[in-house]
Amino acid sequence: MVSVDFPGTGGPIGLRRVSASTAPRSALPQRADVVVIGAGLIGLSVAWTLAGRGLSVAVIERESVGAGASLAATGMLAPAAEHEPGSDLLLPLAIESLHRWPAFRDALQAASGIGIDYREDGTLVLAIGRDEVERLRFRHDLQRRSGVAAEWLSGEAVRRREPMLRPSVTAGILCPLDHQVDPRLVMAALDAACRSAGVAVVEGCAVEGLDWAGGRVCGVRTASGPVAAGIVIVASGAWSGEGGLLPEHLALPVRPLRGQSLALRTTRHTGTLTGMVWTEQVHIAPKSDGHLIVGATVEDCGFRPGVTAGGLYALLEGARRVLPGIEEMEVEAVWSGYRPTSDDDAPIIEALAPGLVAATGHHRNGYLLAPITADAVAELVTTGALPDMARPFSRARFGGQGSLRASA
Ligand SMILES: Cc1cc2nc3c(=O)[nH]c(=O)nc-3n(C[C@H](O)[C@H](O)[C@H](O)COP(=O)(O)OP(=O)(O)OC[C@H]3O[C@@H](n4cnc5c(N)ncnc54)[C@H](O)[C@@H]3O)c2cc1C
């Protein structure tokens with residue numbers, strides 16, 4: 001039986017441990033073909049994929065599996081609902097990654113024995129009142145121009161799909177191809193899959209520096225000792241932009257964007273939603289264990305842990321505006337996490353220098369982009385070249401570049 005809790009439940013917010021078993025954690029190895037910095041969703045997805053290609057992999061995590069953004073997420077795989085002006089670069093990558101999710105899910109569930117609550121209910125993007133209908137029409141036009149599946153619904157048609165919504169909902173867009181997973185289960189499954197594939201997942205161990213020799217990275221330094229490696233992958237999420245680890249000329253333009261969320265418990269008496277709902281203020285995602293996740297604030301406040309009264313008030317008010325039934329639901333957990341956000345909200349996937357790869361900056365789309373990120377990094381590590389689709393996601397778009405094989 002998998003034991004998973006929401007972040008913030010029974011412990012300091014955002015630091016909740018998620019584990020598929022009580023098996024002892026790995027010791028720090030002396031060397032590995034690949035060292036991954038950070039046991040978040042991206043680090044573990046990459047590690048598991050590389051182990052499947054026959055490489056020895058160590059993941060080194062400062063806190064515990066998923067303690068960064070990954071356990072704070074809602075788990076929406078929603079390229080259609082997320083599509084907005086300026087995200088044209090990301091859309092093909094996002095759609096391709098969504099196509100890869102069923103195979104990723106099947107392999108992950110088979111390797112771990114853990115179901116990840118993959119749901120294909122779609123997203124309803126809602127408008128309340130005349131102004132919001134105008135903005136929703138603009139969004140729908142953009143979706144259609146970009147070839148994204150999206151169907152315009154009247155308020156009545158919206159309520160036929162979701163009878164618990166308020167009569168003041170005036171229109172909606174149904175994005176039928178958007179899916180979702182449960183992050184608590186995905187992280188537990190990745191943790192278990194990595195360990196059964198022989199990945200050394202070392203928790204409570206910070207990477208303090210990179211070792212360089214002859215112009216290439218050849219390992220990492222930690223408080224518990226060095227680890228030699230052929231390739232080091234920076235998957236340290238919102239912390240990848242912090243100084244100290246990378247030389248200044250390789251600094252990554254990634255910053256934390258705090259998101260606060262909460263989980264409500266539904267019962268037969270309170271009722272629930274059948275699929276994900278988006279408004280201009282909040283998203284609400286029903287999980288198969290009866291929870292509704294309400295998220296998420298977007299706050300450019302640096303690394304400031306915790307939840308605020310203002311953040312929770314905004315979430316609850318935004319949810320109540322469309323779903324009056326939340327008043328009867330129990331609040332099960334509240335938490336916050338840091339989205340790893342680049343200057344254009346798209347990820348950075350590239351060889352920064354010989355022996356050094358970045359897989360970070362996934363902002364609010366880490367879950368959506370995990371399968372394609374893992375495949376792209378695995379191809380880069382094993383062949384020395386990124387697949388064409390991932391090439392636009394280098395720092396070159398911000399004015400820098402690197403190569404895995406060439407001399408630094
Ligand atoms: C509130 C919220 C809602 C979200 N909802 C969604 C959603 O619905 N769909 C979606 O696709 N995405 C969503 N996201 C985004 C998604 O969670 C992230 O994009 C994704 O989790 C990033 O994963 P990561 O592995 O890069 O980073 P993280 O999960 O942050 O992992 C990085 C890890 O690196 C570790 N670390 C840092 N520095 C070091 C060091 N020096 N040594 C060792 N370890 C280190 C950290 O402790 C951390 O565990 C959401 C995010 C938030 C905050």
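This report walks through the domains, the ligand shell, a helix pair and two backbone details of a predicted model.

## Two domains

Let's start with the overall layout. The chain is divided into two domains, and each is built from separate stretches of sequence: domain 1 takes in 31-73, 184-253 and 344-398, while domain 2 takes in 120-178 and 256-341. If you mark the C-alpha centre of each domain, the two points lie 31 Å apart.

The domains also touch each other, with 12 residues from domain 1 and 10 residues from domain 2 making the contact. On the domain 1 side, the touching residues are 7 polar, 3 nonpolar and 2 charged.

## Around the ligand

Now look for the ligand, which has a shell of 42 residues around it. The closest of these are Gly38, Gly40, Gly68, Gly237 and Gly366. Two helices and two strands each give two or more residues to this shell: helix H1 (41-52), helix H8 (366-383), strand S12 (254-265) and strand S16 (330-342).

By class, the shell holds 19 nonpolar, 18 polar and 5 charged residues. Where does the ligand sit relative to the domains? Domain 1 and domain 2 both supply residues to the shell, so the ligand lies between them.

## A pair of packed helices

Helix H3 (residues 91-112) packs against helix H6 (residues 183-196), and their axes are 8 Å apart at an angle of about 65°. Angles of 65 to 115 degrees count as roughly perpendicular, so that is how H3 stands to H6. The crossing of H3 over H6 is left-handed.

To find the contact on screen, pick out Leu108, Gln109, Ala111 and Ser112 on H3, then Ala189, Leu190, Ala192, Ala193 and Ser196 on H6. Sorted by class, this contact has 6 nonpolar and 3 polar residues, with no charged ones.

## Two backbone details to look for

Two spots in loops are worth a visit. The peptide bond that joins Gly295 and Ala296 is cis, with an omega of about -25°. You will find Ala296 in the loop that runs between strand S15 (291-295) and helix H7 (309-322).

The other spot is Asp117, which is not a glycine and yet has a positive phi of about 55°. Asp117 belongs to the loop between H3 and strand S4 (123-128), and H3 is the helix that packs with H6.

Conventions: Residues are numbered from 1 along each chain as its sequence is written. This is a predicted model: local features need pLDDT of at least 70, side-chain atom pairs count only at pLDDT 80 or more; totals for chains, interfaces and linings use all residues. Axes are lines fitted to C-alpha atoms, for helices over the stretch in contact, and angles run from 0 to 180 degrees between N-to-C directions. Helices (H or I, at least four residues) and strands (E, at least two) are DSSP runs, numbered from the N terminus. Angles under 35 degrees count as roughly parallel, over 145 as roughly antiparallel, 65 to 115 as roughly perpendicular and the rest as oblique. A crossing is left-handed if the near helix is turned anticlockwise from the far one by less than a right angle, and right-handed if clockwise. Two residues are in contact if their C-beta atoms, placed from the backbone, lie within 7 Å. Ala, Val, Leu, Ile, Met, Phe, Trp, Tyr, Cys and Pro count as nonpolar, Asp, Glu, Lys and Arg as charged, and the others, Gly among them, as polar. Domain bounds come from an automatic or database domain assignment. A residue is near a molecule or strand if its C-beta atom, placed from the backbone, lies within 6 Å of it.
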